[in-house]
Amino acid sequence: MRQSFYLFTLKFRGGQKEDKKSKFANSMFNHHDFPKAETSFDKISLYIEELADPNMPAAVFDEIWEYYIEDSK
C-alpha cells in the first residue's frame, strides 16, 4: 500500500528557508485540516486550489506529486 501524499511530503520539511518544496511542506504541516490519509491527486489538488495558500502553490504541488508517483513505482 502506498503511503499518503502528506507523509511523503513531510520529508521536505526543514529545508532551506527559500526552498519552494520546503515552504510547501511546512505550510501543509501547519494546516491541520489537510487530508493526511489521501493518495488521490484530484482530492488533494482540489483542497489546495480551494485553500489558495501562497506557500502551497499548485505548481509546487504538481512538482512534488511527480516525485510522489516516481517513489511509488
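Let's start with helix 2. Its buried residues are K21, S22, F24, A25, S27 and M28. They pack against helix 1, residues 5-9, and against helix 3 and helix 4. One caution before I go on: this is a predicted model.

Stay with helix 2 and take S27, which lies in that helix. Buried or exposed, at 9% relative accessibility? Buried, because the cut-off for buried is under 20% relative accessible area, and S27 comes in at 9%. What does S27 contact, once neighbours within four places in sequence are left aside? The partners are D53, N55 and M56.

Now F29, also in helix 2. F29 has 32% relative accessibility, so it counts as partly exposed. Leave out residues up to four places away in sequence, and F29 touches Y6, L10 and R13. There is also a distance to note. F29 and N55 sit 26 residues apart along the chain, and their C-alpha atoms are separated by 11 Å. Remember that N55 was one of the contacts of S27.

Next, how helix 2 meets helix 4. Two packed helices are described by the angle between their axes and the distance between the axes. Helix 2 covers residues 20-30, and it packs with helix 4 at an angle of about 95°. The two axes are 10 Å apart. That angle makes helix 2 roughly perpendicular to helix 4. Which residues of helix 2 meet helix 4? K20, K21 and F24 do. On the helix 4 side, they meet V60, F61, E63, I64 and Y67. By class, this contact has five nonpolar residues, no polar ones and three charged ones.

Now the other pair, helix 3 and helix 4. Helix 3 is residues 41-51, and helix 4 is residues 58-72. Their axes come within 10 Å and cross at roughly 155°. Helix 3 and helix 4 are therefore roughly antiparallel to each other. The crossing is right-handed. Who is at this contact? From helix 3, we have F41, I44, S45 and I48. From helix 4, we have A58, F61, D62 and W65. Count by class, and this contact has six nonpolar, one polar and one charged residues.

F61 turns up twice. It is among the helix 4 residues that meet helix 2, and it is among those that meet helix 3.

Look at I48 next. Not counting residues up to four places away in sequence, I48 touches F24, M56, A58 and F61. F24 is one of the buried residues of helix 2. M56 is one of the contacts of S27.

On to W65, in helix 4. Its relative accessible area is 9%, so W65 is buried. Set aside neighbours within four places in sequence, and W65 is in contact with F5, T39, S40, F41 and I44. F41 and I44 are helix 3 residues in the contact with helix 4. For a distance, take W65 and A37. They are 28 residues apart in sequence and 15 Å apart in space, C-alpha to C-alpha.

That brings us to the core. How many residues are in the largest nonpolar core? It has 17. Those with the most contacts inside it are F5, F24, F34, I44, I48, F61 and I64. Helix 1, helix 2, helix 3 and helix 4 each supply at least two residues of this core. Which helix gives the largest share? Helix 4, with five residues.

Some of those names are familiar by now. F5 and I44 are among the contacts of W65. F24 and F61 are among the contacts of I48. I64 is one of the helix 4 residues that meet helix 2.

Now two exposed residues. E49 is found in helix 3. Its relative accessible area is 54%, so E49 is exposed. E49 and I69 are 20 residues apart along the chain. Their C-alpha atoms are separated by 20 Å.

The other is A52, in the loop between helix 3 and helix 4. At 57% relative accessibility, A52 counts as exposed. Check its backbone too. Phi of A52 is near 55°, a positive value in a residue other than glycine.

To sum up: helix 4 runs roughly antiparallel to helix 3 and is roughly perpendicular to helix 2. Helix 4 also supplies the largest share of the core.

Note on methods: Residues numbered from 1 in each chain as written. Predicted model: local features only at pLDDT ≥ 70, side-chain atom pairs only at ≥ 80, totals over all residues. Heavy atoms only, no water. Axes fitted to C-alpha atoms, helices over the stretch in contact; angles between N-to-C directions. Parallel < 35°, antiparallel > 145°, perpendicular 65-115°, else oblique. Left-handed = near helix turned anticlockwise from the far one by under 90°. Contact = heavy atoms within 4.5 Å. Nonpolar A, V, L, I, M, F, W, Y, C, P; charged D, E, K, R; others polar. Buried < 20%, exposed > 50% of the residue type's maximum accessible area, 1.4 Å probe, protein only. Core = buried A, V, L, I, M, F, W, Y, C linked by side-chain atoms within 4.5 Å.
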